[in-house]
Amino acid sequence: GTRCATDFVELPSILMEHFLNSPKVLSLFEADGSSIINQIGNHHEDPCTFIDTHGSILLSVLDQIYHSPAVLDPSFDSTAALANLYKTRGLIPQAPGTSLQTQFGHLYGYGATYYSYLFDRAIASHVWRNIFSEEPLNRKLGEKYKAGVLRYGGGKDPWQMLGALLDAPRLQEGNKEAMREVGRWRVEDGPVPERH
């Protein structure tokens, strides 16, 4: 759903990715419940995960540049801004003569909020680790999430919902300190990020 604060729009779907990577959840889809648990060794970390995350960070920064007052300067060149970002912060330089930004719809669809995908990955990882990872099939926990977050859609302040879900009143303010706290949470727990 997109009828909620952009900072939280991806949280439910990213959290569900954690459930879909849980051997306990996957075992529910087996007739005898044996083979998926035995295949845990096949769940390996994608070596490109960190490169993908770095790429998402760069695109988030690029999104901020493209929606800043810098674009009002008649000499602003979106491809030069992209090339400079990748030259100064990138792992792999931008290929000369290309214009990646023209093929990446999120840069205009998200409108200076592409960072929210990474933000929601951090929140979903934290919710997974602190609420569901040990007992992903615990109905009481699922009901708490459904009643406290999902049922409101965009009808309640997401910071209020997150703070209540995590029993963290300091988050309910949704202020600079709350943003800083989320910024301390790890992004890389759980599923491999979708390649955008």
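The legends below describe close-up views of a predicted model, covering charged side chains, aromatic rings and a pair of helices.

**View 1. Arginine 139 and glutamate 143 form a salt bridge within helix α8.** Side chains of opposite charge can pair when their charged atoms come close. Here the side chains of arginine 139 and glutamate 143 meet with a distance of 3.6 Å from N to O. The two residues are four residues apart in helix α8, which spans residues 139-148, and are therefore separated by about one helical turn. Arginine 139 counts as exposed, because its relative accessibility is 66%, whereas glutamate 143, with a relative accessible area of 31%, is partly exposed. Arg139 and Glu143 also belong, together with Lys146, to a network of salt bridges. In the structure the count of salt bridges comes to six, and two others are shown in the views that follow.

**View 2. A salt bridge joins lysine 144 to aspartate 167.** The side chains of these two residues meet at 3.5 Å, again taken from N to O. This pair links distant parts of the chain, since lysine 144 sits in helix α8 while aspartate 167 lies in the loop between α9 (158-165) and α10 (176-184), 23 residues apart. Lysine 144 is partly exposed, with a relative accessible area of 33%, and aspartate 167 is exposed, with a relative accessible area of 61%.

**View 3. Arginine 180 and glutamate 177 form a salt bridge in helix α10.** Their side chains meet at a distance of 2.6 Å, N to O. Being three residues apart in helix α10, arginine 180 and glutamate 177 are separated by about one helical turn. Both ends of this bridge are partly exposed, arginine 180 at 41% relative accessibility and glutamate 177 with a relative accessible area of 44%.

**View 4. Aromatic rings pair across helices.** A pair of aromatic rings is described by the distance of the centres and the angle of the planes. A search of the whole structure finds nine aromatic pairs. In one of them, the rings of phenylalanine 19 and tryptophan 128 have centres 4.9 Å apart and planes at 80°, so the pair is edge-to-face. Phenylalanine 19 belongs to helix α1 (residues 11-20) and tryptophan 128 to helix α7 (residues 115-132), and the pair thus links distant parts of the chain, 109 residues apart. Both of these residues, phenylalanine 19 and tryptophan 128, are buried. Phenylalanine 132 and tyrosine 145 make another edge-to-face pair, because their ring centres are 6.0 Å apart and their planes stand at 85°. With phenylalanine 132 in helix α7 and tyrosine 145 in helix α8, this pair ties together parts that are 13 residues apart in sequence. Phenylalanine 132 is buried, with a relative accessible area of 1%, and tyrosine 145 is buried as well, with a relative accessible area of 4%. Elsewhere, ring pairs link Phe8, Tyr115, Phe119 and Trp159 into a cluster.

**View 5. Helices α4 and α5 cross each other.** Two packed helices are described by the angle between their axes and the distance between the axes. The axes of helix α4 (residues 49-66) and helix α5 (residues 78-89) come within 11 Å and cross at roughly 140°. That angle makes α4 oblique to α5, and the crossing of α4 and α5 is right-handed. On the α4 side, the residues in contact include His54, Leu58, Leu62 and Tyr66, and on the α5 side those in contact include Ser78, Leu82, Leu85 and Arg89.

How values were computed
Residues numbered from 1 in each chain as written. Predicted model: local features only at pLDDT ≥ 70, side-chain atom pairs only at ≥ 80, totals over all residues. Heavy atoms only, no water. Salt bridge = Lys/Arg side-chain N within 4 Å of Asp/Glu carboxyl O. Buried < 20%, exposed > 50% of the residue type's maximum accessible area, 1.4 Å probe, protein only. Phe/Tyr/Trp six-rings, centres within 6.5 Å; stacked < 30°, edge-to-face > 60°. Axes fitted to C-alpha atoms, helices over the stretch in contact; angles between N-to-C directions. Parallel < 35°, antiparallel > 145°, perpendicular 65-115°, else oblique. Left-handed = near helix turned anticlockwise from the far one by under 90°. Contact = heavy atoms within 4.5 Å.
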